[in-house]
Amino acid sequence: FTYDEYRHIFSSDNKADEFTKIWTIKEAYIKYTGKGFEIPLKSFECIPDKDEVKINDASVKTYKILNTYVSICAKTEKFPDKLTDMTQFFLQSC
């Protein structure tokens, strides 16, 4: 992670949640690029101050499901409000 991401996590009241959000955003982005861990995780920054983060040409939306987070990365800014709507999202993206 970057220095500012670490700072964000450790200054948070819920460190586990903030860590998980940042991790899922980074994971979604490196999968989106198709390069995986060839991209160093500290080569880009994503501090989740809202549910959607922009990284280069992609947008990442984070959803909370029960006690964890799921992040979806795509070249769109039109994400469904709820993760239960993902089937419709994928059909529209194809």
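**Sheet, loop and core**

Reply: Asn 56 lies in the loop between E1 and E2; strands (E, at least two residues) and helices (H or I, at least four) are DSSP runs, numbered from the N terminus. This is a predicted model, where local features need pLDDT of at least 70, side-chain atom pairs count only at pLDDT 80 or more, and totals for chains, interfaces and linings use all residues. Residues are numbered from 1 along each chain as its sequence is written, and side-chain values use heavy atoms, with hydrogens and water left out.

Me: Why is Asn 56 called exposed?

Reply: Exposed means over 50% relative accessible area, buried under 20%, and partly exposed in between (1.4 Å probe, protein chains only). Asn 56 has 61% relative accessibility, so it counts as exposed.

Me: What is notable about the phi of Asn 56?

Reply: Its phi is positive, about 50°, although Asn 56 is not a glycine. Most residues other than glycine have a negative phi.

Me: How do you know that E2 pairs with E3?

Reply: Two strands pair if DSSP finds at least two bridges between them. Strand E2 (residues 58-65) is joined to E3 by 7 bridges, so the two pair, and they run antiparallel. Val 60 stands opposite Cys 73 in E3.

Me: What does Tyr 29 touch?

Reply: Contact means heavy atoms within 4.5 Å. Not counting residues up to four places away in sequence, Tyr 29 touches Phe 44, Ile 55, Asn 56, Ala 58 and Cys 73.
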